[in-house]
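Q: Hi, could you walk me through this structure? I'd like to chat about it before I go back to the bench.
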Amino acid sequence: MKLHELRPAPGSKKPRKRIGRGMASGTGKTSGRGMKGQGARSGGGKGPYFEGGQLPLVRRLPFRRGFTNIWRVEYKPINVDRLQERFDDSDEEITPEVLIEAGLIKRSDKAVAILGDGEITKALTVKAHRFSKSAKEKIEAAGGSVEILPLS
């Protein structure tokens, strides 16, 4: 096959419709615009917002209420029972990076919050961005310690 032999697939290229070129063309006289009316006129037709003079839908609906807090911090929650089943006392420190390696969270773009659902008996050193009151009490009661990481 050579460059000059290349052709588009048959039927993939259609000729341009030549409007207003006589009655024999099929789109002569009114050029596919019908007889009279707004659509037949030059510049005729209204935009998508126009509803025939009726108050448009976007103006009939109330404004969106409230606001979006741009400083909102989203946390990845992890319960203490998940730490209990995944880690041993011998583990050094449990940080967000260690949680990613263990498969408890997927990625570190969100802050980590430790919540107090379940029981914990192992003495673990946990570093996270936020602890619930019950989670902190349970970890410390088991002989572990908590350290709050700064939000970045």
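Q: Let's start inside. Which residues of the largest nonpolar core touch the most other members?
A: Happy to help, and one note up front: this is a predicted model. The largest nonpolar core has 19 residues, and those that touch the most other members are Ile78, Leu83, Leu99, Ile114, Val126 and Ile139.

Q: Nice. Which helices and strands each supply at least two residues of this core?
A: Two helices and two strands do: H2 and helix H4 (133–141), along with S2 and strand S3 (125–128).

Q: Pick Ile139 for me. What is Ile139 in contact with, leaving aside its neighbours within four places in sequence?
A: Quite a list! Ile139 is in contact with Val80, Ile114, Ile120, Leu124, Val126, Phe131, Gly144, Ser145 and Val146. Of these, Ile114 and Val126 are also among the core residues that touch the most other members.

Q: Changing topic: how much space lies in the largest pocket?
A: The largest pocket holds about 210 Å³.

Q: And what lines the largest pocket?
A: The lining is made up of Val73, Glu74, Pro96, Glu97, Ser108, Asp109, Lys110, Ala111, Val112, His129, Leu151 and Ser152. By type, that gives five nonpolar, four charged and three polar residues. Helix H3 (96–102) and strand S2 (111–115) each supply at least two residues of the lining.

Q: I see some charged residues there. How many salt bridges does the count come to?
A: The count comes to six. One of them joins two residues of the pocket lining: the side chains of Glu74 and Lys110 meet at 3.3 Å, N to O.

Q: What does the Glu74 and Lys110 pair tie together?
A: Glu74 sits in the loop between helix H1 (57–60) and strand S1 (75–79), while Lys110 is in the loop between H3 and S2, so the salt bridge ties together parts that are 36 residues apart in sequence.

Q: Why do Glu74 and Lys110 count as partly exposed?
A: The partly exposed class lies between 20% and 50% relative accessible area. Glu74 falls in that range because its relative accessibility is 41%, and Lys110 does too because its value is 29%.

Q: What about Asp109, which side chain does it meet in a salt bridge?
A: Asp109 pairs with Arg107, at 3.0 Å, N to O. Both Asp109 and Arg107 are exposed.

Q: Any others worth a look?
A: Sure. Asp88 and Lys122 form a salt bridge through their side chains, at 3.6 Å, N to O. Asp88 is in the loop between H2 and H3 and Lys122 in the loop between S2 and S3, so this pair ties together parts 34 residues apart in sequence. There is also a network of salt bridges that links Glu93, Lys127 and Glu147.

Q: Now Arg86. Where is the place of Arg86, and what does it touch beyond four places in sequence?
A: Arg86 belongs to helix H2 (residues 80–86). Arg86 touches Ala102, Gly103 and Leu104. Its C-alpha is 9.5 Å from that of Leu99, and the two residues are 13 apart in sequence.

Q: Last one: where is Met35 found, and is it buried or exposed?
A: Met35 is in the segment before H1. With a relative accessible area of 66%, Met35 is exposed. Not counting residues up to four places away in sequence, Met35 touches Lys29, Thr30 and Ala40.

Note on methods:
Residues numbered from 1 in each chain as written. Predicted model: local features only at pLDDT ≥ 70, side-chain atom pairs only at ≥ 80, totals over all residues. Heavy atoms only, no water. Helix = DSSP H or I, 4+ residues; strand = E, 2+ residues; numbered from the N terminus. Contact = heavy atoms within 4.5 Å. 1 Å grid on protein atoms, 1.4 Å probe; cavity = no way out; pocket = protein on both sides within 12 Å on 5 of 7 lines; lining within 4 Å. Points joined across faces, edges and corners; volume = space filled by probe spheres on them. Nonpolar A, V, L, I, M, F, W, Y, C, P; charged D, E, K, R; others polar. Core = buried A, V, L, I, M, F, W, Y, C linked by side-chain atoms within 4.5 Å. Buried < 20%, exposed > 50% of the residue type's maximum accessible area, 1.4 Å probe, protein only. Salt bridge = Lys/Arg side-chain N within 4 Å of Asp/Glu carboxyl O.
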